[in-house]
Structures are given as C-alpha cells and as structure tokens.
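Me: I'm new to reading protein models, and I'd like to learn how the labels are earned. Could we go through some together?

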Amino acid sequence: NTPYFFHFLIKNLQNILKSTLTGSAVPHTDQHLLINTKIILPPFNIVEKFGKISLTSQTKIIKNAKSISILSKTRDALLPKLMSGEIHV
C-alpha cells in the first residue's frame with residue numbers, strides 16, 4: 001500500500017516545484033532549491049495506514065467512474081427514444 005503515499009508525496013513535490021519555476025523561454029527549477037529541499041517522512045506504520053485508506057478511496061473512485069460511464073451510456077441510449085416518443089415513462 002505504500003505506493004499511494006509516495007505517489008501523493010511526489011505529486012505534491014511536483015506542484016511545489018512547478019510554482020518555483022523560473023525562466024520564460026525555458027522554464028527551469030533552481031538547482032539549489034532541489035538540493036536544499038528537506039522531506040520529512042512519517043514512520044512506516046503511518047505510511048502503511050495512509051496506503052490502506054488511499055487504496056480504499058481509490059477503489060471507490062474507480063468503481064464510481066465505471067458506474068458513471070454505464071449510467072451515461074444508458075442515458076445517451078434512452079434519452080433520444082424518450083424525446084421521440086418511442087418509449088414512455
């Protein structure tokens with residue numbers, strides 16, 4: 001379950017680094033900023049707990065996305081028939 005923790009950690013670091021980009025023609029990050037950035041990691045048991053919670057959330061997100069897709073396709077198939085009077089409610 002730890003990949004979720006590191007995924008969100010890296011995503012957060014990307015956002016921080018993007019906000020500190022300099023240069024207009026070729027955006028770049030200050031090398032000293034990268035070298036001097038300190039990352040404090042929580043104890044491994046907390047990382048594991050975060051991973052378990054994230055796994056549950058991600059599973060729900062994926063399940064909901066599939067449901068939304070199915071419902072959208074059903075709506076798209078039924079709405080024209082309803083509007084044309086082919087089916088009645």
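Me: Why is Leu71 called exposed?

Reply: Happy to help, and keep in mind that this is a predicted model. Leu71 has a relative accessibility of 60%, and exposed means over 50%, so Leu71 counts as exposed. Leu71 sits in helix α3.

Me: What makes Met83 count as exposed?

Reply: The same kind of reasoning works here. The relative accessible area of Met83 is 67%; the cut-off is over 50%, so Met83 is exposed. Met83 also belongs to helix α3. Together with Leu78, Leu79, Leu82, Ile87 and Val89, Met83 makes a nonpolar surface patch of about 620 Å².

Me: Why is Ile35 called exposed?

Reply: Ile35 has a relative accessible area of 58%, and the label needs over 50%, so Ile35 earns it. You will find Ile35 in helix α2, residues 31–36. From Ile35 to Ser54 there are 19 residues in sequence and 29 Å in space, C-alpha to C-alpha.

Me: Why are Asp76 and Arg75 called partly exposed?

Reply: Asp76 has 47% relative accessibility, and Arg75 has a relative accessible area of 47%. Buried means under 20% and exposed over 50%, with partly exposed in between, so that is the label for Asp76 and Arg75.

Me: What makes the pair Asp76 and Arg75 a salt bridge?

Reply: Their closest N and O atoms are 2.9 Å apart. The rule asks for a side-chain nitrogen of Lys or Arg within 4 Å of a carboxyl oxygen of Asp or Glu, so the pair qualifies. By this rule the count comes to 1 salt bridge.

Me: How do you know that the length of α3 is close to what is expected?

Reply: Helix α3 covers residues 44–84, which is 41 residues. The expected span is 1.5 Å times one less than the number of residues, which for α3 gives 60 Å. From first C-alpha to last, α3 reaches 60 Å, close to that expectation.

Me: Where does α3 have a kink?

Reply: Look at Leu78, shortly before the proline Pro80: a kink of about 25° lies there. Just after α3, Gly85 takes a positive phi of about 85°.

Me: Which residues of α3 are buried, and what helps to cover them?

Reply: Val47, Gly51 and Ser54 are buried, a label that means under 20% relative accessible area. The cover over the buried residues of α3 includes α1, residues 2–19.

Terms used:
Residues numbered from 1 in each chain as written. Predicted model: local features only at pLDDT ≥ 70, side-chain atom pairs only at ≥ 80, totals over all residues. Heavy atoms only, no water. Helix = DSSP H or I, 4+ residues; strand = E, 2+ residues; numbered from the N terminus. Bend = angle between axes of the 7 residues up to and from the residue. Buried < 20%, exposed > 50% of the residue type's maximum accessible area, 1.4 Å probe, protein only. Contact = heavy atoms within 4.5 Å. Patch = residues over 30% accessible without salt bridge, like charges linked within 9 Å, V, L, I, M, F, W, Y side chains within 5 Å. Areas by Shrake-Rupley, 256 points an atom, 1.4 Å probe, with all protein chains shown as cover.
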